[in-house]
Amino acid sequence: MQQYVLQTQNLYKKYRDTVAVNNVSMNIRQGDIYGFIGENGAGKTTFMRIIAGLAEPTEGTIKLFGNEDFQSDRQKIGCTIENPTLYKNMTARENIEVFRRAFGVRDTRSTDNVLHLMDLDDTGQKRVGNFSLGMKQRLAIAIALLGKPKFLILDEPINGLDPVGIQELRNLFVRLNQEQNITLLISSHILGELSKIATRYGIIHNGSLVAELSSDELQMRCERHVDIRVDCADRAAEIVKNQLGITKCKVVSPHMISVGEYVDKSEIVNETLIKNGIVLFEATIHQESLEDYFNTIIMGGKGK
Ligand code: ATP
């Protein structure tokens, strides 16, 4: 059975006149690397703060690890939403030791463990004041890992990093996910930053989750494909799958299918549809970049 780490139902948060989170229903499965994408001010931080217990929702429900009564399950969450204040005159190890004691983590091996997990074991005597932004980010995540979380919430961890720093962090996220079985919720304002590693995406705009899709679905949207406008998309998709053996076919709306095969031979798809009684209005070839797709989604406020 599919296990969910997080399920929210119509989560809503209002600050005086501002609706920061507007009826967000999000589902994160165990093992996901969930890319939470939205422009500045879209509501990502507020949503994450609510999940981590740093803010109260105005309305809506939350299930953590399948439980609505989740106070004890919050201990399974690690987060870097409000980054810890790092001590600049101390080394990475000394900083982690301070937080290990403050968090009441007794096992002294935890320090070596999280240093290793974040590839910081060779920073030796270097003081944090001399760290690159990427190293500081890794140290903040190492601190969040001290409690051995099963679910890690990271707010814009990639923001401001150079390409090398981004690559290093991406590799570490995949390692945490695959080797430590940690589910990750990572926010970013740039879809492309997470596109190589996320298994699922949620796109938030003006507080609303306007699209939730898998990496396969995203890849299909951004591959060359033909959008075909028809009288009945469900029936057209059946015909395309059964008669032509096409697997990359998605019903986009009641009157639109998107076909990712036969792109250069789309007349074969069209003929097959017409022969089978489908009324075909239009067929157009598309190839969207990730950013185009993101812009289309947030401008249309459509997708879900
Ligand atoms: P950013 O990446 O810029 O932090 P975000 O997607 O994380 O953006 P939020 O920080 O959640 O967005 O903000 C969503 C909206 O809620 C914004 O309009 C913001 O001004 C408002 N907001 C957030 N926190 C508060 C608060 N404590 N009091 C009043 N308004 C707030």
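**Exercise 1. State between which helix and which strand the loop with N181 is found, and describe its phi.**

Step 1. N181 belongs to the loop that runs between helix 5 (163-179) and strand 8 (183-188), where helices (H or I, at least four residues) and strands (E, at least two) are DSSP runs numbered from the N terminus.

Step 2. Before going on, note that this is a predicted model, in which local features need pLDDT of at least 70 and side-chain atom pairs count only at pLDDT 80 or more, while totals for chains, interfaces and linings use all residues. Residues are numbered from 1 along each chain as its sequence is written, and side-chain values use heavy atoms, with hydrogens and water left out.

Step 3. The phi of N181 is positive, near 55 degrees, although N181 is a residue other than glycine. Most residues other than glycine have a negative phi.

Step 4. N206, which is not a glycine, also has a positive phi, of about 50 degrees. N206 sits in the loop between strand 9 (200-205) and strand 10 (208-214). With a relative accessible area of 58%, N206 is exposed, given that buried means under 20% relative accessible area, exposed over 50%, and partly exposed in between (1.4 Å probe, protein chains only).

**Exercise 2. Describe the chain as a whole, beginning with how many helices and strands there are.**

Step 1. The chain holds 10 helices and 14 strands, and its C-alpha trace spans about 75 × 40 × 40 Å along its principal axes.

Step 2. The chain is divided into domain 1 (4-218) and domain 2 (223-287), with bounds that come from an automatic or database domain assignment. The centres of these domains, taken over C-alpha atoms, are 39 Å apart.

Step 3. Of the 304 residues of the chain, 48% count as buried. Among contacts in the chain with a separation of 6 or more, 68% are between residues 24 or more positions apart, a contact being heavy atoms within 4.5 Å.

**Exercise 3. Work out which residues are around the ligand, and which polar atoms of the protein lie beside its oxygen atoms.**

Step 1. A residue is counted here if one of its heavy atoms lies within 4 Å of the ligand. The residues around the ligand are Y15, T18, A20, E39, N40, G41, A42, G43, K44, T45, T46 and E156.

Step 2. By class, this shell has three nonpolar, six polar and three charged residues. For this sorting, Ala, Val, Leu, Ile, Met, Phe, Trp, Tyr, Cys and Pro count as nonpolar, Asp, Glu, Lys and Arg as charged, and the others, Gly among them, as polar.

Step 3. Turn next to the polar contacts, which are pairs of N or O atoms within 3.5 Å; within protein, one must be able to donate a hydrogen and the other to accept it, and residues adjacent in sequence count only if both atoms are side-chain atoms. A backbone N or O atom of A42 lies 3.0 Å from a ligand oxygen, a backbone N or O atom of K44 lies 2.9 Å from a ligand oxygen, and an N or O atom in the side chain of T46 lies 2.5 Å from a ligand oxygen.

Step 4. The ligand, taken alone, exposes 630 Å², and the protein buries 60% of that, with accessible areas coming from the Shrake-Rupley method with a 1.4 Å probe and, for residues, with only the protein chains shown counting as cover.

Step 5. Strand 2 (18-24) and helix 1 (44-52) are the elements that give two or more residues to the shell. Helix 1 supplies the largest share, three residues.

**Exercise 4. Explain why helix 1 is said to be largely enclosed by the rest of the structure.**

Step 1. The buried residues of helix 1 are K44, T46, F47, M48, I50, I51 and A52.

Step 2. Because seven of the nine residues of helix 1 are buried, this helix is largely enclosed by the rest of the structure.

Step 3. After helix 1 comes G53, with a positive phi near 85 degrees.

**Exercise 5. Decide whether D227 is buried or exposed, and then find its contacts.**

Step 1. D227 lies in strand 11 (residues 225-230), and its relative accessible area of 9% makes D227 buried.

Step 2. Leaving aside neighbours within four places in sequence, D227 is in contact with R221, M256, I257, S258, E282, A283, T284 and H286. The side chains of D227 and H286 are joined by a polar contact of 3.5 Å.
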